[in-house]
Amino acid sequence: YCPGQLTEQICQKAAQEEVYIIWPTYERGDEKNVIYNSVLLINDKGEIIGKYRKTHLFPTERIENGGWSTAGNEVVVVDTPFARIGLICCYDGDFPELSRACVVNGAEVIVRPSAYLRSFEIWELTNKARAYDNHVYVIAANAVGLDAKGTNYFGHSMIISPIAERIALCRGCDEITAARLNPNPLAYIGNGSKAPMLFNHIEDRNLSVYNDILQPAKTSFPRFPESTEKVFAHTVK
């Protein structure tokens, strides 16, 4: 449950340092064998003011595939004194619809804690795309170094502006980065330009073409070769 033993320590630290903390953690559900991959927003008094349960689980972590997690089903946007913050987690950032839902619900900043194992190029691209698609700041924090199983994460946490500019970047090591966020980031077409921003991806949507989006679908291409499928099936048992 949240807060649990580990989360209580983070809450105490947030109050001690008088800072807000985004804390990713596993959360035990009310029912047996239900575990959520959750993200908590803790305020500067040590209080949990937002809780998001990851909605897009990576295939190998889904309980129906032999993993351990159950998917959440809610979009979470939390008001704070400095910004309205949308919470997503890792693989969630690959899905444009979730970030769009956060922004439609008022998010100005989307925070994406991750343990990302694909390429840096995809990591950077998805962060920039979600920021630019939605004209929102994306703060993406990636794990770095070896975990208990020996998996090595490449770090490179970053902050992306609403016009897809990378305004802060960590290296592949333990590091802290920061950026001051402009409260009016859409006045001009680009950093250093005085050309006005004449478009807005949220206001300019043609909603009439989205009628078919909320239905099951799959790509026209096979997911993986048959040989790989056998390996996958063995892995998730």
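Before we start clicking: contact here means heavy atoms within 4.5 Å. Also keep in mind that what you have open is a predicted model.

**Stop 1: the whole chain**

Show everything as a cartoon. The protein chain has four helices and 11 strands. Its C-alpha atoms fill a box of roughly 55 × 50 × 35 Å along the principal axes. A compact globule of 237 residues would have a radius of gyration near 18 Å, and the 19 Å of this chain agrees with that.

Now switch on the surface. About 14,600 Å² is accessible, and 53% of that belongs to carbon and sulfur atoms. Buried residues make up 35% of the 237. If you colour by charge, you will be looking at 24 positive and 28 negative charges, whose mean positions are 4 Å apart. And if you draw a contact map, take the contacts between residues at least 6 apart in sequence: 53% of them join residues at least 24 apart.

**Stop 2: helix α2**

Select residues 96-104, which is helix α2. Which of its residues are buried? Leu-98, Ser-99, Cys-102 and Val-103 are. They sit on the same side of α2, because they cover an arc of only 140 degrees around the axis. The helix geometry is handy here: with 3.6 residues a turn, residues three or four places apart point the same way.

Next, bring up what covers those buried residues. The cover includes strands β3 (48-53), β4 (77-79), β5 (84-87) and β6 (109-114), along with helix α3 (120-134). Before leaving, click on Gly-106, just after α2: its phi is positive, at about 105 degrees.

**Stop 3: Gly-93**

Step back to the loop between β5 and α2, where you will find Gly-93. Is Gly-93 buried or exposed? Its relative accessible area is 0%, so it counts as buried, the cut-off being under 20%.

Show the contacts of Gly-93, skipping neighbours within four places in sequence: you get Ile-88, Arg-112, Thr-126 and Arg-130. For a distance check, draw a line from the C-alpha of Gly-93 to that of Trp-123; these two are 30 residues apart along the chain, and the line should read 8.9 Å.

**Stop 4: Arg-130**

Follow the contact from Gly-93 to Arg-130, which has its place in helix α3. Arginine or not, Arg-130 is buried, with a relative accessible area of 9%.

What does Arg-130 touch, not counting residues up to four places away in sequence? Select Gly-93, Asp-94, Phe-95, Pro-96, Ser-99, Val-136 and Val-138. Ser-99 should look familiar: it is one of the buried residues of α2 from the second stop.

Conventions: Residues are numbered from 1 along each chain as its sequence is written. This is a predicted model: local features need pLDDT of at least 70, side-chain atom pairs count only at pLDDT 80 or more; totals for chains, interfaces and linings use all residues. Side-chain values use heavy atoms; hydrogens and water are left out. Helices (H or I, at least four residues) and strands (E, at least two) are DSSP runs, numbered from the N terminus. The radius of gyration is taken over C-alpha atoms; the globule rule is 2.2 Å times the number of residues to the power 0.38. Buried means under 20% relative accessible area, exposed over 50%, partly exposed in between (1.4 Å probe, protein chains only). Accessible areas come from the Shrake-Rupley method with a 1.4 Å probe; for residues, only the protein chains shown count as cover. Lys and Arg count as positive and Asp and Glu as negative; His and the chain ends are not counted. The place of a charge is taken as NZ of Lys, CZ of Arg, CG of Asp or CD of Glu. The arc is that of the directions from the helix axis to the C-beta atoms.
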